[in-house]
Amino acid sequence: MTNSLTTISCFSCLLLVYGTTPAHDINYDELEEIFGEPVTTIATGKPQRKSEAPVSIDIITEKEIHQLGAMDVPELLRLVAGVEIYRNFKGQADVNIRGYNQPFSNRLLVLINGRQVYQDSLGFTLWTSFPIQMSEIKQIEIVRGPNTSLLGFNAASGVVNIITTNPSSDSKSHLEVR
């Protein structure tokens, strides 16, 4: 009886350690090379092909980000169908999905590497306060629709998940001068 309990508790520990892998710890380049298409974690929390995800998802890849030369994330999101961007003043943007056209909308969940960047004290996402540079973005995953409400209270219209490069697995160097 004791051996079976020990085995079950060890198995539970392994599930805790390996069951959920943070988005930043996944080697996206290696998985994309194996699968031959972009890989996402936003739908189920585990790496899977974009074509096998159980939700409608758009992925802006690192290559597309560099080709477009956008200065900020809202400028990149403007290219995705169903995403509306409103520029209020320099540097500030309102991003809305699925027709919830209101300033400072709290219906869009924004994540960086799976962690929420919603400003609770302000009641909206402040797009200019992200602690990342455009050159650090690996891919941007956009999920539109009510199936995203499982991810939290402010994911009623959609989710934007920004995945950054991982310094331990990505061998890239970048210099930017402005």
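Two strands count as paired if DSSP finds at least two bridges between them, and strands (E, at least two residues) and helices (H or I, at least four) are DSSP runs numbered from the N terminus. The model is predicted, so local features need pLDDT of at least 70 and side-chain atom pairs count only at pLDDT 80 or more, while totals for chains, interfaces and linings use all residues. Residues are numbered from 1 along each chain as its sequence is written, and side-chain values use heavy atoms, with hydrogens and water left out.

**Exercise 1.** Work out how β3 is placed in its sheet and how β3 pairs with β8.

*Solution.* Begin with the strand order, which is β3-β8-β9-β6-β7 in an open sheet of five strands with mixed pairing. The edge strands, each pairing on one side only, are β3 (57-61) and β7 (115-116). Next, β3 meets β8 (residues 137-144) in the antiparallel sense over five bridges, and I57 stands opposite V143 in β8.

**Exercise 2.** Find the salt bridges that involve residues of β8, and state which parts of the chain they link.

*Solution.* A salt bridge here is a side-chain nitrogen of Lys or Arg within 4 Å of a carboxyl oxygen of Asp or Glu. One such bridge joins the side chains of D58 and R144 at 2.2 Å, N to O; this pair links strand β3 to strand β8, with the two residues 86 apart. Another joins E62 and K138, whose closest N and O atoms are 3.4 Å apart. Because E62 lies in helix α3 (residues 62-68) and K138 in strand β8, the pair ties together parts 76 residues apart in sequence.
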